[in-house]
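Here is a friendly walk through one protein model, feature by feature. Keep the structure open beside the text and look up each residue as it comes.

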Amino acid sequence: MTHSSPGAERLSALMARGTAFLGSDSAILCGAMSWVSERNLVAAVSNAGAFGLIAAGAMPPALLDAEIAATRALTSRPFGVNLITLHPQLSELIDICGRHQVSHIVLAGGLPPAGAIERIKGIGAKLICFAPALALAKKLIRSGVDALVIEGSEAGGHIGPVATGVLAQEILPAVAAEVPVFVAGGIGRGSAIAAYLEMGAAGVQLGTRFACATESIAHPNFKKAFFRANARDAVASVQIDPRLPVIPVRALKNAGTEAFAAKQREVAAALDAGEVDMMAAQLQIEHYWAGALRRAVIDGDVEQGSLMAGQSVGMVTREEPVAEIVATLLAEAEAALAGR
């Protein structure tokens, strides 16, 4: 980051805590997107001075092992790994991160299971968790989490019920002095980054804005769907059965959106019949998403696949290199701060 203008100096000062925590030039995390956040995008983000995250998703341990090694071959800059709490082999995945001396682990998908925090601390990694509510943020800090991401419902993929602006107002004043807090959900411009930093955030996380970068391996059809979409096309999935606590997912509306409703009915029926327990039912839903997302991202099936996108999708209008996206966001943030 240059220190030439007052805006740049102010931005640098506001991001100082986040960059110190991440070890990057700018306190911008690229949110982990299954199938999209792999070696190419992660390395490009970290090489651009931001912070990339490998989306481990449903990966088996051997696959994560290879992915971390491949990412290391493409960047010497720090990057992290996003693990899902529901993963049946979570302990093994943490051990693999330890063997590779991964500096930061993001745990997504609910409260960390017993022993996970200690295990992550044990390998010397910094732990970042999602806090969808103030009470949970405080609980996570007490349990030893190093940083938090507060992600609003505008985000793509799995979402909580509260808007980013509300979460930021509620959580930042209460806990930002204790741990670095990164704000996520619906951020598409640098002016919004500047606003959240001024509210006390240590940095931000963006996913949708990076999904269609030149370095993203997402299928051209997937990218075209993003370029065509506007904010109102990114809708949250509907929960069919109250006993099946499915975390809503925000994605572009298509035939796959309807197929998910049918899948929920099928899993709920299996739950009724006693064929599966709650954990198995939730895992079935998780695996469904992984498959549906793969169909869209890798195979380019934008009708039946899942086009997970945040409401900032309307600000994604063309393919551009990661370095350009980061530079644009920083320049916009600097301009916003200089104008105040």
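## The enclosed space

A cavity here is a set of grid points where a 1.4 Å probe fits but cannot get out, and its volume is the space filled by probe spheres set on those points. Rolling a probe the size of a water molecule over the atoms shows where empty space is left. Please keep in mind that this is a predicted model.

How many cavities of 30 Å³ or more does the structure hold? There is one. The largest cavity has a volume of about 120 Å³, and three elements each give two or more residues to its lining: β11 (249–252), α11 (255–272) and α12 (278–297). The lining is made up of 16 residues, with A251, G256, T257, W289 and S306 lying nearest the centre. By character, the lining residues divide into nine nonpolar and seven polar, with no charged ones.

## Helix α1

Start at residue 6 and follow helix α1 to residue 22. At 1.5 Å a residue, the 17 residues of this helix should span 24 Å, and the end C-alpha atoms are indeed 24 Å apart, so the two values agree. On the way, α1 bends by about 55° at A16.

Which residues of α1 are buried? They are G7, A8, L11, S12, L14, M15, G18, T19, F21 and L22. After the helix comes G23, which has a positive phi, near 80°.

## I128 in strand β5

I128 sits in strand β5, which covers residues 126–130. Its relative accessibility is 0%, and because buried means under 20%, I128 counts as buried.

Neighbours within four places in sequence aside, the contacts of I128 are F21, H104, I105, V106, L107, A147, L148 and V149. One of these, F21, is also among the buried residues of α1. G156 is 28 residues from I128 along the chain, and the C-alpha atoms of the two are separated by 19 Å.

## The loop between β1 and α2

Two residues are worth a look in the loop between β1 (28–30) and α2 (39–47). V36 is placed in this loop, and so is W35. Is V36 buried or exposed? V36 counts as buried because its relative accessibility is 2%. W35, at 33%, counts as partly exposed.

Not counting residues up to four places away in sequence, V36 touches L41, A211, S216 and V297. V36 and C212 are 176 residues apart in sequence, yet 9.1 Å apart in space from C-alpha to C-alpha.

## Positive phi outside glycine

Most residues other than glycine have a negative phi. W35 has a positive value, with phi near 70°. Q101 also has a positive phi, near 55°.

Where is Q101 found? Look in the loop between α4 (90–99) and β4 (104–108). With a relative accessible area of 66%, Q101 is exposed.

## After helix α13

Finally, go to the segment after α13 (322–338), where G339 lies. G339 has a relative accessibility of 67% and therefore counts as exposed. From C-alpha to C-alpha, G339 and P6 are 9.6 Å apart in space, with their positions 333 residues apart in sequence.

Note on methods: Residues are numbered from 1 along each chain as its sequence is written. This is a predicted model: local features need pLDDT of at least 70, side-chain atom pairs count only at pLDDT 80 or more; totals for chains, interfaces and linings use all residues. Side-chain values use heavy atoms; hydrogens and water are left out. Helices (H or I, at least four residues) and strands (E, at least two) are DSSP runs, numbered from the N terminus. The expected span of a helix is 1.5 Å times one less than its number of residues. The bend at a residue is the angle between axes fitted to the seven residues ending there and the seven starting there. Buried means under 20% relative accessible area, exposed over 50%, partly exposed in between (1.4 Å probe, protein chains only). Contact means heavy atoms within 4.5 Å. On a 1 Å grid over the protein atoms alone, a cavity is a set of points where a 1.4 Å probe fits but cannot get out, and a pocket is an open set with protein on both sides within 12 Å along at least five of seven lines; lining residues have an atom within 4 Å of a point. Ala, Val, Leu, Ile, Met, Phe, Trp, Tyr, Cys and Pro count as nonpolar, Asp, Glu, Lys and Arg as charged, and the others, Gly among them, as polar.
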